[in-house]
Each structure stands twice: as C-alpha cells, then as structure tokens.
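Student: I am new to this structure and would be grateful for a close look at a single part of it. Please take the charged pairs first and then the strand that follows them.

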Amino acid sequence: MKFLKQLITLLGVALAPVLLSVTPTMSQEALKPLSPRFTPDPQVYYGKAGGDVPLQVIATSKANGSCQGLADQAPNHTLTILKNFGFLSVTVSGDRNLSLLVKGPDGIYCRSGKSPELSGAWVSGQYEIWVGTTNGDRINYQLSVSETSP
C-alpha cells in the first residue's frame, strides 16, 4: 500500500507540469452584444490570427464565399446580435492577407484579402468569428464592427 501511495505521488509530481501547461481552447474575446444604434461606432477589437486548422474544414461545404487559410479550431470571437440590423459590417485588417469566417443563424460566410469584410443585413442571434492566415502564421489583427455603410 505504501508503495502504491509513493507511485501515485511520483506520477502526480511528474505529470503536474504537463497538465498545467495545457490551456483550454476558447475564443480570444467575446464581443459586446449589439443592438442598432450602438456606440461607439465602430466597435474595435484585437486578436491573433492563424492556427493549424483549414478554414474549409471549419466552414464545411455550406459556406458562402471562398474559405482560404488556417485558423484555430475555436473561434477567435463570439458576437451576439440582440436585434436585427438592416446593415452591419464586420471587417478584419492586419499587415498581411487575412481570412474572415463567420458562422451565424443565417449561414456561414467567408471572405479573404487585405481587409476582408462581411456586410449587409444581420439577423439576431449568436455568431462565431474566425480569423485565419494563408499559412497559419500568428499575426495581430484588428476587428471592426460598424453599422455605418461606406
């Protein structure tokens, strides 16, 4: 019995660093829930793009637009739309080409480029947002949410 207790103690000490270094996969930042006429406009958030999961896998074949690049399995952000918007724009920008993937109650949408944008009417509900890079490299980005059309 004493030997078993020593073995369990040794295993616990040996595994502790490994277990403590594992971080749960979760969104980088939940965005402020939005209703029409929110302030300030735009809402601006920051994060790190990239990862090792192809956006095509996350989007499945049901995506509207071309899903190119790699991101984390978990979304970078979640956005709650409290009331329908006649117009809302979500734009992501950085110092390289990026991909923007949004899964929401009305579909899955992808855009890629220097500052990819998804804009138009948005229905109320929960949206998951991924930001990817062409080769999976981790780069900083800025995400802007606005109801002002260009």
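How many salt bridges does the count come to?

Tutor: The model is a predicted one, and in it the count comes to two salt bridges. As a general matter, side chains of opposite charge can pair when their charged atoms come close.

One of the two salt bridges is formed by the side chains of Arg138 and Asp72, with an N to O distance of 2.8 Å. Arg138 belongs to the loop between β10 (125-133) and β11, while Asp72 belongs to the loop between β4 and β5 (77-81); the pair therefore ties together parts that lie 66 residues apart in sequence. Arg138 has a relative accessible area of 46% and is thus partly exposed. Asp72 also counts as partly exposed, at 22% relative accessibility, since the term buried is kept for values under 20%.

Arg96 forms a salt bridge with Asp137, and the closest N and O atoms of this pair are 3.2 Å apart. Because Arg96 lies in the loop between β6 and β7 and Asp137 in the loop between β10 and β11, parts 41 residues apart in sequence are tied together. Arg96 is partly exposed, with a relative accessible area of 38%, and Asp137 is partly exposed as well, at 33% relative accessibility.

The loop between β10 and β11 holds Asp137 and also Arg138. We may now turn to the strand itself. Strand β11 comprises residues 139-146 and is mostly covered, with six of its eight residues buried. Strand β2 (residues 43-49) runs antiparallel to β11 and is joined to it by seven bridges. In this pairing, Gln43 stands opposite Val145 of β11. Strand β6 (residues 85-93) is likewise antiparallel to β11, and five bridges join the two. Here Thr91 stands opposite Ser144 of β11. In a regular strand, side chains alternate between the two faces of the sheet.

A covalent link may be set beside these charged pairs. The count comes to one disulfide, which joins Cys67 to Cys110 with an S to S distance of 1.6 Å. This disulfide links distant parts of the chain, 43 residues apart: Cys67 is in the loop between α2 (55-59) and β4 (70-71), and Cys110 is in strand β8. The torsion about its S-S bond is about 55 degrees, so the disulfide is right-handed. Whereas Arg138 of the salt bridge with Asp72 is partly exposed, Cys67 and Cys110 are both buried.

Definitions and conventions:
Residues are numbered from 1 along each chain as its sequence is written. This is a predicted model: local features need pLDDT of at least 70, side-chain atom pairs count only at pLDDT 80 or more; totals for chains, interfaces and linings use all residues. Side-chain values use heavy atoms; hydrogens and water are left out. Buried means under 20% relative accessible area, exposed over 50%, partly exposed in between (1.4 Å probe, protein chains only). Helices (H or I, at least four residues) and strands (E, at least two) are DSSP runs, numbered from the N terminus. Two strands pair if DSSP finds at least two bridges between them. A disulfide is a pair of cysteine sulfur atoms within 2.5 Å. A salt bridge is a side-chain nitrogen of Lys or Arg within 4 Å of a carboxyl oxygen of Asp or Glu.
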